[in-house]
Amino acid sequence: MAEQKQFVGQAEFAKGLEGVIACESTMGYVDGKEGKLIYRGYDIFELAEHSTFEETSYLLLFGKLPSQSELDDFKQKLVQQRAVPKEVINALKIVAKTAHPMASLRTGVSVLGAMDKNAEDESIENYTSIGISLIAKMATIAGAITRFRKGKKPVDPDPKLDHTANFLYMMNGQKPDDYTARVMDVSLILHADHGMNASTFSSMVVASSMSDMYSAITAGIASLKGSLHGGANEQVMHMLDEIGSVDKVDAWVDDAIATKKKLMGFGHRVYKAYDPRATILGEYSQKITEAHGRKDLYDMAKRMEDKVIAAYGERGIFPNVDFYSGTIYSAFGIETALFTPIFAVSRISGWAGRVIEYVTENRLFRPRAVYTGEMEAKYVPMAQR
Ligand SMILES: CC(C)(COP(=O)(O)OP(=O)(O)OC[C@H]1O[C@@H](n2cnc3c(N)ncnc32)[C@H](O)[C@@H]1OP(=O)(O)O)[C@@H](O)C(=O)NCCC(=O)NCCS
């Protein structure tokens, strides 16, 4: 093993960068001990009660709540930006039926970037206008992916509908009732930003080389896809499907604990208390599953939560944001594989806001590794190996 040499500015080694501070930000704050989440100073419970996804996106991008005219203008811009070029739709038509929807979403955003003549403009104004455009267009792309997977044609956006109602409309082909649209809107608010999580960090790392906004967001999508991150909501649903009914939960969880199985939708790198987003989504899950005739899903999830907290709560393992979101989306009739794209349709606001904030005072991300390999290996000619 190589002897470690110190280098200038050396920070302490932390696997997975756990606890490492990599930047300053006014975007948001996660208090893992108290189970508190703040966007730009506002508690998530307040935003979930009073705000909308459009307003929260404005807050994340511009750092303040909009006036009425600023919000109207922002919403108008989002409506105008919903349409995507036909080349993007054609690319989705090729991949969406068979690829994982997150791979399709990543492809869609990548093609979008390749089609944009202004993609390389490094001004903050351009980063901001692409950010707004992507908040609008990622919903359209996710809607088209949903439709292609069902063998149907994409649904054109309806300019009369707000962002979230239109998103549901483009996925399901039916205009949602007000309560359904509101529950989805709250879910999008809750998923919009969450500190320096893996996907946000991935976006920021790419942006820090002054690549471009599309590349940064594509990287965020790629990272969010993983089952330890955004992909956990899908795994929760597969887990509930496997369990099957509420009377089977106890035995299933006992076995999972005995065999040290990882329980999807539980635990968090930062929260060692109850995730506030899971508190809000749990309450909505109870109401919406009942309204859509899928109370069985909530009952299973709640029973599981009680069992897992009894076993692991003392170790700081509680439900996270992904635990109840899937029960809500399932009640809406949305296919499980689409859960992570829905997460991305929300998180784009956080990715864009943090990328813009970071590149405004940019410094290239460049950590180092502890080298554990050999130092003086001698080259061995091929014939002697
Ligand atoms: C999110 C996650 C990666 C964070 O993990 P972390 O803080 O790095 O914690 P670790 O993976 O190091 O786990 C610490 C201990 O808790 C246990 N643990 C953590 N999450 C657990 C879970 N969901 N189920 C069972 N045990 C869990 C680990 O097995 C480990 O036990 P050990 O000390 O006996 O080895 C982890 O909790 C996890 O994989 N959860 C499931 C996936 C998920 O829901 N992801 C979405 C996050 S929003």
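The expected span of a helix is 1.5 Å times one less than its number of residues. The model on screen is predicted, and the tour starts with a helix to which that rule can be applied.

**Stop 1: helix H8**

Select helix H8, residues 178-191. With 14 residues at 1.5 Å each, H8 should span 20 Å, and its end C-alpha atoms are indeed 20 Å apart, so the two values agree. Now colour H8 by accessibility. Of its 14 residues, 11 are buried, so H8 is largely enclosed by the rest of the structure. The buried set includes an unbroken stretch to pick out, Val183, Met184, Asp185, Val186, Ser187, Leu188, Ile189, Leu190 and His191. Thr180 and Ala181 are buried as well.

**Stop 2: helix H13**

H8 is among the elements that cover the buried residues of helix H13, so select residues 276-291 next. The 16 residues of H13 should span 22 Å at 1.5 Å a residue; the end C-alpha atoms lie 23 Å apart, which agrees. Go to Ser285, where H13 bends by about 25°. Ser285 is itself buried.

Which other residues of H13 are buried? They are Pro276, Arg277, Ala278, Ile280, Leu281, Gly282, Tyr284, Ile288 and Thr289. To see what covers the buried residues of H13, display strand S2 (36-39), helix H1 (44-50), helix H14 (295-312), helix H15 (321-331) and helix H16 (339-360), which are included in that cover along with H8. Beyond H13, stop at Gly293, which follows the helix and has a positive phi, near 70°.

**Stop 3: H14 against H11**

Keep H14 displayed and add helix H11, residues 232-243. The axes of H11 and H14 come within 11 Å and cross at roughly 100°. Angles of 65 to 115 degrees count as roughly perpendicular, and H11 and H14 are therefore roughly perpendicular to each other. Show side chains for Met237, Met239, Leu240 and Ile243 on H11, and for Leu297, Met300, Ala301 and Met304 on H14; these make the contact. By class, the contact of H11 with H14 has eight nonpolar residues, no polar and no charged.

**Stop 4: H5 against H10**

For another helix pair, select H5 (residues 101-115) and H10 (residues 213-224). Their axes are 9 Å apart and the packing angle is about 175°. An angle over 145 degrees counts as roughly antiparallel, and this is therefore how H5 and H10 lie to each other. On the H5 side, the contact is made by Met102, Leu105, Arg106, Val109, Ser110, Leu112 and Gly113. On the H10 side, look for Tyr214, Ile217, Thr218, Ile221, Ala222 and Leu224. The contact of H5 with H10 divides into nine nonpolar, three polar and one charged residues.

**Stop 5: single residues**

Centre on Thr200, in helix H9 (residues 198-208). Is Thr200 buried or exposed? Its relative accessible area is 0%, and buried means under 20%, so Thr200 is buried. Setting aside neighbours within four places in sequence, Thr200 is in contact with Gly195, Arg347, Trp351 and Arg354.

Move to Glu335, in the loop between H15 and H16. Glu335 is partly exposed, at 34% relative accessible area. Draw a C-alpha to C-alpha distance from Glu335 to Ser104: the two are 231 residues apart in sequence and 15 Å apart in space.

Finish at Ser129 in helix H6 (residues 124-149). Ser129 counts as partly exposed, with 41% relative accessibility. Ser129 and Gln81 are 48 residues apart along the chain, and their C-alpha atoms are separated by 9.9 Å.

Technical notes: Residues numbered from 1 in each chain as written. Predicted model: local features only at pLDDT ≥ 70, side-chain atom pairs only at ≥ 80, totals over all residues. Heavy atoms only, no water. Helix = DSSP H or I, 4+ residues; strand = E, 2+ residues; numbered from the N terminus. Bend = angle between axes of the 7 residues up to and from the residue. Buried < 20%, exposed > 50% of the residue type's maximum accessible area, 1.4 Å probe, protein only. Contact = heavy atoms within 4.5 Å. Axes fitted to C-alpha atoms, helices over the stretch in contact; angles between N-to-C directions. Parallel < 35°, antiparallel > 145°, perpendicular 65-115°, else oblique. Nonpolar A, V, L, I, M, F, W, Y, C, P; charged D, E, K, R; others polar.
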